[in-house]
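Work through the exercises below with the sequence and the model side by side. Try each task before reading its solution.

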Amino acid sequence: MLTALLGIMFVLLMLNFPMMIPLIIAPFIVAVFFSPLLDTSMMVPQLITGISTYELLCVPLFIFAADIMTSGRTSERLLDFIGSFVRHIRGGYAVTTAAACTMFGSISGSTQATVVAIGRPMRERMLRAGYKDSSTMALIINASDVALLVPPSIGLIIYGLAARESIGDLFIAGILPGVMVFLVFATYSIIYAKMKNIPLAAKADWKERFQAFRKAILPLGFPILVIGGIYSGYFTATEAAGVSVLYALILEVLVYRSIHIKKIPSIALSTGLVTSVVFILVAGGQVFTFLINLENIPRMLTETVLGTDPTALYVLIIVSIFFFVGCMFVDPIVVILVLTPIFLPAAEAAGVDPIHLGIIITFQAALGSATPPFGVDIFTASAVFNRPYMEVIKGTPPFIIMMILMSIILILFPQISLALL
């Protein structure tokens with residue numbers, strides 16, 4: 001059954017179908033030809049069930065808020081604010097890039113949106129400062145992956161839906177790992193700049209810093225609004241998403257006037273197109289999950305891979321390998337939807353906290369997204385910067401190594417994920 005399911009998906013992918021088609025069609029083909037006792041009419045409602053969850057509303061709302069801010073001046077103001085404080089130190093522009101990716105990730109929740117919003121302006125600044133293009137693009141790609149760890153991470157939302165865990169708790173749990181990634185990348189950037197003797201930039205005076213802070217104070221309020229509202233219990237994740245849209249509209253349309261109100265429908269259309277893909281993938285993931293659970297595939301597969309009585313450490317190592325490798329080839333949303341229902345029961349049976357498991361899974365998704373051969377952020381950067389594939393991936397090995405080491409730390413010390421809960 002599983003062999004037929006994966007085989008059909010592989011064939012459809014090789015025929016150049018988008019991932020949403022194999023994810024939905026393959027289970028129906030298997031149900032008809034390999035499981036004749038299964039009534040396919042049982043599977044059709046699963047498509048609707050998959051996208052009927054109230055919590056899923058936060059996905060289009062967070063995407064819409066991010067699209068509004070990306071179309072406005074938010075990223076520019078964040079870059080100017082961070083740069084005014086750190087650009088004069090050795091590696092200051094690289095540290096600014098890492099910090100800006102972290103902050104914008106806490107606005108967009110999307111690695112690809114962060115690559116576009118922060119990557120375009122910061123790449124030019126870093127090249128003028130004397131950085132190699134390959135190192136610059138590698139930093140942008142990997143620092144943008146923090147967006148999958150910090151709220152409002154789309155990856156954490158999808159895991160929360162797949163595992164039926166609190167999205168708010170997952171958001172809070174992702175904060176420390178996300179900050180940890182930033183600190184490691186910032187430290188590496190300083191060391192790299194000293195080794196390569198990158199020239200120092202002019203130091204900003206306190207007047208310039210105050211002006212930059214004054215311009216950035218409202219964008220800085222966005223993550224405070226989302227994280228603070230959820231952490232205090234004042235908002236659910238979905239309510240925070242609705243508030244974030246209102247905040248973004250007030251900021252860009254009324255306060256900064258960087259977007260005309262007539263442009264909002266076109267931004268909403270762009271959001272709708274992205275959201276439709278996510279929702280179709282979620283619907284397909286529900287059908288896939290329904291079929292494999294009906295055929296008892298998760299138990300059989302985990303017993304084959306994990307054995308009958310695995311330890312929590314062994315489960316986390318195997319989960320990390322599967323998700324890391326999977327996200328090197330396939331979109332993280334698909335990997336999370338397909339593999340989470342398979343490994344979650346075994347992980348819970350081994351005593352792994354499901355929130356901690358979500359952070360490990362999302363961390364591996366972030367790592368795989370920036371890893372050759374087919375990490376989605378690599379191709380996003382290649383398109384955004386108009387640079388060849390080999391040049392984009394040339395500088396990624398040091399960052400991949402750092403992310404793997406941080407992954408090991410997260411596995412060994414679950415307190416990092418659970419400390420704020």
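Contact means heavy atoms within 4.5 Å. This is a predicted model, in which local features need pLDDT of at least 70 and side-chain atom pairs count only at pLDDT 80 or more, while totals for chains, interfaces and linings use all residues. Residues are numbered from 1 along each chain as its sequence is written, and side-chain values use heavy atoms, with hydrogens and water left out.

**Exercise 1. Place Ile 318 and list its contacts, leaving aside neighbours within four places in sequence.**

Step 1. Find the element. Ile 318 belongs to helix α16, residues 312–327. Helices here are DSSP runs of H or I with at least four residues, strands are runs of E with at least two, and both are numbered from the N terminus.

Step 2. Check burial. Buried means under 20% relative accessible area, exposed means over 50%, and partly exposed is in between (1.4 Å probe, protein chains only). Ile 318 has 11%, so it is buried.

Step 3. List the partners. Ile 318 is in contact with Val 305, Leu 306 and Phe 343.

Step 4. Add a distance. Ala 349 is 31 residues from Ile 318 along the chain, and their C-alpha atoms are separated by 15 Å.

**Exercise 2. Describe the largest nonpolar core.**

Step 1. Set the rule. A nonpolar core is a set of buried Ala, Val, Leu, Ile, Met, Phe, Trp, Tyr and Cys residues joined through side-chain atoms within 4.5 Å.

Step 2. Count and rank. The largest core has 131 residues. Ile 157, Phe 185 and Leu 357 touch the most other members.

Step 3. Find the main contributor. Helix α17 (residues 332–349) gives the most to this core, with 12 residues.

Step 4. Look for a separate core. Another one, of 10 residues, lies apart from it and includes Ile 141, Ala 370, Phe 385 and Ile 393.

Step 5. Inspect Ile 157. Beyond four places in sequence, Ile 157 is in contact with Cys 58, Val 59, Phe 62, Pro 152, Ile 167 and Phe 171.

Step 6. Inspect Ala 347. Helix α17 holds this residue. Ala 347 counts as buried because its relative accessibility is 0%. Not counting residues up to four places away in sequence, Ala 347 touches Val 315, Val 352 and Leu 357.

**Exercise 3. Classify the ring pair of Tyr 188 and Tyr 192.**

Step 1. Apply the cut-offs. Rings of Phe, Tyr and Trp (its six-membered ring) pair if their centres lie within 6.5 Å; planes under 30 degrees apart count as stacked, over 60 as edge-to-face and the rest as tilted. The count comes to 13 aromatic pairs.

Step 2. Read the geometry. The centres of the Tyr 188 and Tyr 192 rings are 6.1 Å apart and the planes are at 35°, so this pair is tilted.

Step 3. Locate both. They lie in helix α11 (residues 175–196), 4 residues apart, about one turn of the helix.

Step 4. Contrast burial. Tyr 188 is partly exposed at 23%, whereas Tyr 192 is buried at 13%.

Step 5. Widen the view. Tyr 131, Phe 185, Tyr 188, Tyr 192 and Phe 399 form one aromatic cluster.

**Exercise 4. Which residues line the largest cavity, and which line the largest pocket nearest its centre?**

Step 1. Define the spaces. On a 1 Å grid over the protein atoms alone, a cavity is a set of points where a 1.4 Å probe fits but cannot get out; a pocket is an open set with protein on both sides within 12 Å along at least five of seven lines; lining residues have an atom within 4 Å of a point. Grid points are joined across faces, edges and corners, and a volume is the space filled by probe spheres set on the points.

Step 2. Take the cavity. There are 2 cavities of 30 Å³ or more. The largest has a volume of about 60 Å³. Ala 94, Met 126, Tyr 131, Ser 135, Leu 139, Tyr 188, Ser 189, Tyr 192 and Phe 399 line it. The largest share, 3 residues, comes from α11.

Step 3. Take the pocket. The largest pocket has a volume of about 940 Å³. Its lining has 26 residues, of which Leu 13, Met 19, Gly 326, Phe 329 and Val 330 lie nearest its centre. Helix α1 gives the most to this lining, with 6 residues.
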